[in-house]
Amino acid sequence: KETWMDTSIGHSDLRDGARMEIQALRLAMYKFLSCFDQKYKQNEIDMVTDVPKEFFNEVFNEEGNLTNLYAMDELAKVKSSLTYYCGFIMNKEIFKNQKIRKAFNYAIDRNLIIDYVLGKPEYISGEYGIVPPTFPNYSSEKVKGYTYNSALAEQFLAEAGYPNGKGFPVLKLETVQREVPVAEAIKKLLFDVLGVKVDILISPSFKDREQSCKMCKSDLYVS
């Protein structure tokens with residue numbers, strides 16, 4: 001079983017054989033795509049902690065190593081304690097029904113999102129709860145979680161009184177720009193499996209999304 005990994009890439013001058021004396025380290029926040037395309041590739045920054053999916057074929061070969069274009073750079077992979085999740089706003093009356101929450105959990109194909117949306121084959125699906133398996137002395141397999149099961153999803157939604165999504169309210173799913181592809185995948189899965197319609201709201205920042213969720217402006221959120 002694979003574990004979560006974070007991938008970092010840095011320019012070759014950071015691994016010169018001679019010991020470097022670093023005077024200062026500056027951290028900067030950029031939009032995800034422009035950070036790599038306009039900053040890292042133009043040598044305006046020395047290191048990025050992830051590579052956007054749009055540049056995978058340019059940066060990595062089929063074996064997962066750096067291509068010749070980036071042969072002078074250095075690739076680092078480390079275990080990461082990270083979890084992506086979609087949360088319910090539990091103050092909403094619709095989610096107080098456990099069968100609806102179960103239906104949603106069974107309707108989400110996590111492996112599809114990992115492989116085709118995130119493009120991160122080194123990730124594993126969160127089928128054993130929210131705690132990443134990289135935590136020491138934590139047996140994630142002992143947690144009874146959820147796997148993709150469209151039949152069970154349909155069954156639980158019907159038992160909750162909404163067969164094929166009939167009569168179910170249109171939901172608002174809130175996210176930030178970087179997570180929009182994941183939000184779009186969740187929206188499509190909920191409609192294809194359950195017939196539930198979802199509108200996506202894009203917040204300008206994580207802080208704005210958090211504040212909006214606290215005020216119950218949305219029904220779901222991606223984090």
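User: What volume does the second largest pocket have?
Analyst: In this predicted model, the second largest pocket has a volume of about 810 Å³.

User: Which residues lie nearest its centre, and how many line the second largest pocket?
Analyst: The lining is made up of 34 residues, and those nearest the centre of the second largest pocket are Tyr84, Tyr85, Cys86, Arg110 and Gly126. Two or more lining residues come from each of strand 4 (86-88), helix 3 (98-107), helix 4 (110-118) and helix 6 (180-194).

User: Which element gives the largest share of that lining?
Analyst: Helix 4 does, with four residues in the lining of the second largest pocket.

User: And how do the lining residues divide into nonpolar, polar and charged?
Analyst: For the second largest pocket, the lining holds 21 nonpolar residues, eight polar ones and five charged ones.

User: Stepping back, how many helices and strands does the chain have?
Analyst: The protein chain has seven helices and seven strands, and from the N terminus on they follow the order β-α-β-α-β-β-α-α-α-β-α-β-α-β. The chain has 223 residues, of which 37% count as buried. Among contacts between residues at least 6 apart in sequence, 72% join residues that are at least 24 apart.

User: Where is confidence lowest, and where is it highest?
Analyst: Confidence is lowest in strand 1 (residues 5-10), where the mean pLDDT is 51, and highest in helix 5 (residues 150-159), where it is 98. Over the protein chain the mean pLDDT is 82, with 83% of the residues reaching 70 or more.

User: Over which residues does pLDDT stay under 50?
Analyst: One such stretch is residues 1-6, for which the model nevertheless has 35 contacts beyond four places in sequence. The pLDDT is also below 50 over residues 14-18, a stretch with seven contacts in the model beyond near neighbours in sequence.

User: Back to helix 5, then. Which of its residues are buried?
Analyst: The buried residues of helix 5 are Ala153, Phe156 and Leu157. Looking down the axis of helix 5, these buried residues fall within an arc of 100 degrees, so they line one face of the helix.

User: What do the buried residues of helix 5 pack against?
Analyst: They pack against helix 3 and helix 6.

User: In the loop between helix 5 and strand 5, is Asn164 buried or exposed?
Analyst: Asn164, which is placed in the loop between helix 5 and strand 5, counts as exposed because its relative accessibility is 60% and the cut-off is over 50%. The phi of Asn164 is near 60 degrees, a positive value in a residue other than glycine.

User: Why point out a positive phi?
Analyst: Because most residues other than glycine have a negative phi.

User: And where does Pro169 lie?
Analyst: Pro169 lies in the loop between helix 5 and strand 5 (171-176), and it is partly exposed, with a relative accessible area of 35%. Leaving aside neighbours within four places in sequence, Pro169 is in contact with Ile94 and Lys197. Pro169 and Val196 are 27 residues apart in sequence, and their C-alpha atoms are 7.7 Å apart in space.

User: Changing topic to helix 7: which residues are buried there?
Analyst: In helix 7 (206-214), the buried residues are Arg209, Ser212 and Cys213. They cover an arc of only 100 degrees around the axis, which puts them on the same side of helix 7. On the other side of helix 7, Lys207 and Lys214 are exposed.

User: Which strands do the buried residues of helix 7 pack against?
Analyst: They pack against strand 5, strand 6 (198-203) and strand 7.

User: What comes just after helix 7?
Analyst: Just after helix 7, Cys216 takes a positive phi of about 60 degrees. Cys216 is placed in the loop between helix 7 and strand 7 (220-222), and it is partly exposed, with a relative accessible area of 21%.

User: One last residue: where is Lys53 found, and what is it in contact with?
Analyst: Lys53 is found in the loop between strand 2 (47-48) and helix 2 (56-59), and it is partly exposed, at a relative accessible area of 37%. Apart from neighbours within four places in sequence, Lys53 is in contact with Tyr116, Val117, Leu118 and Gly119. Lys53 and Tyr116 are 63 residues apart in sequence and 9.8 Å apart in space, C-alpha to C-alpha.

Conventions:
Residues are numbered from 1 along each chain as its sequence is written. This is a predicted model: local features need pLDDT of at least 70, side-chain atom pairs count only at pLDDT 80 or more; totals for chains, interfaces and linings use all residues. Side-chain values use heavy atoms; hydrogens and water are left out. On a 1 Å grid over the protein atoms alone, a cavity is a set of points where a 1.4 Å probe fits but cannot get out, and a pocket is an open set with protein on both sides within 12 Å along at least five of seven lines; lining residues have an atom within 4 Å of a point. Grid points are joined across faces, edges and corners, and a volume is the space filled by probe spheres set on the points. Ala, Val, Leu, Ile, Met, Phe, Trp, Tyr, Cys and Pro count as nonpolar, Asp, Glu, Lys and Arg as charged, and the others, Gly among them, as polar. pLDDT is the predictor's confidence in each residue, from 0 to 100. Contact means heavy atoms within 4.5 Å. Buried means under 20% relative accessible area, exposed over 50%, partly exposed in between (1.4 Å probe, protein chains only). The arc is that of the directions from the helix axis to the C-beta atoms.
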